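Biologist: Please show me the model. Then let us go through it in short questions and answers.

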Amino acid sequence: MPNSPADRPCRISVQRRGPLLVEGPVEVELEDGTTVTSDRFRVALCTCRRSRRYPWCDTSHRERS
């Protein structure tokens, strides 16, 4: 069906000094080829690599901002 929610592009919001906010659900492929998934309506992806829950953001970037 045209113009259905599945046809909409995925929205990603860029945060200065913060995570990428992605409208979910999402599947993320890591460097080693493994995949992790989240069925949440929005997820925060870590861009600083300080997160103990990488690739999900745990707000570790706030400690050094």
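Modeller: One term before we start: contact means heavy atoms within 4.5 Å. This is a predicted model, in which local features need pLDDT of at least 70, side-chain atom pairs count only at pLDDT 80 or more, and totals for chains, interfaces and linings use all residues. Residues are numbered from 1 along each chain as its sequence is written, and side-chain values use heavy atoms, with hydrogens and water left out.

Biologist: Which residues is His61 in contact with, leaving aside neighbours within four places in sequence?

Modeller: His61 sits in the segment after strand 5. Strands (E, at least two residues) and helices (H or I, at least four) are DSSP runs, numbered from the N terminus. With those neighbours left aside, the contacts of His61 are Arg17, Gly18, Pro19, Cys48 and Arg50.

Biologist: Is His61 buried or exposed?

Modeller: Buried means under 20% relative accessible area, exposed over 50%, and partly exposed in between, with a 1.4 Å probe and protein chains only. His61 has a relative accessible area of 12%, so the call is buried.

Biologist: How many helices and strands are in the chain?

Modeller: From the N terminus on, the elements run β-β-β-β-β. The count is 0 helices and 5 strands.

Biologist: In what order do the strands of the open sheet stand?

Modeller: Two strands pair if DSSP finds at least two bridges between them. The open sheet has 3 strands with antiparallel pairing, in the order 1-2-5. Strand 1 and strand 5 each have a single partner strand, so one side of each lacks a neighbour in the sheet. The edges are therefore strand 1 and strand 5, and the order is 1-2-5.

Biologist: Which residue in strand 5 does Glu23 stand opposite?

Modeller: Strand 2 and strand 5 pair in the antiparallel sense over 4 bridges. Opposite Glu23, in strand 5, stands Arg42.

Biologist: Which residue in strand 4 is the bridge partner of Glu27?

Modeller: Strand 3 pairs with strand 4 (residues 35–38), antiparallel, over 4 bridges. The bridge partner of Glu27 there is Thr37.

Biologist: Which residue in the hairpin of strand 3 and strand 4 takes a positive phi?

Modeller: This hairpin has 5 residues between the strands. Thr34 is found in that loop, and is in contact with Val28 and Glu29, leaving aside neighbours within four places in sequence. The positive phi, near 95°, belongs to Gly33.

Biologist: Which side chains of strand 3 point to the buried face?

Modeller: The side chains alternate along strand 3. Glu27 and Glu29 point to one face and are not buried. On the other face, the buried pair is Val26 and Val28.

Biologist: How many residues make up the largest nonpolar core?

Modeller: A nonpolar core is a set of buried Ala, Val, Leu, Ile, Met, Phe, Trp, Tyr and Cys residues joined through side-chain atoms within 4.5 Å. The largest one holds Val22, Val26, Val28, Val43, Leu45 and Trp56. Strand 3 (26–29) and strand 5 (42–45) each supply at least two of its residues. The core size is 6 residues.

Biologist: Which residues does Val43 touch, not counting residues up to four places away in sequence?

Modeller: Val43 belongs to the largest nonpolar core. With that exclusion, the residues touched by Val43 are Leu20, Leu21, Val22, Val26, Ser38 and Trp56.

Biologist: What is the relative accessible area of Pro19?

Modeller: Pro19 lies in the loop between strand 1 (12–14) and strand 2 (20–23). Leaving aside neighbours within four places in sequence, the contacts of Pro19 are Ser13, Ala44, Leu45, Thr47, Cys57 and His61. Pro19 counts as buried, because its relative accessible area is 11%.

Biologist: How many disulfides does the count come to?

Modeller: A disulfide is a pair of cysteine sulfur atoms within 2.5 Å. The sulfur of Cys48 is 3.8 Å from the closest cysteine sulfur, in Cys46, so this pair is too far for a bond. Cys57 is in no disulfide either, with the nearest cysteine sulfur, that of Cys46, 5.7 Å away. The count is 0 disulfides.

Biologist: What share of the 65 residues counts as buried?

Modeller: Cys57 is buried at 14% relative accessibility, whereas Cys48 is partly exposed at 28%. For the chain of 65 residues, the buried share is 26%.
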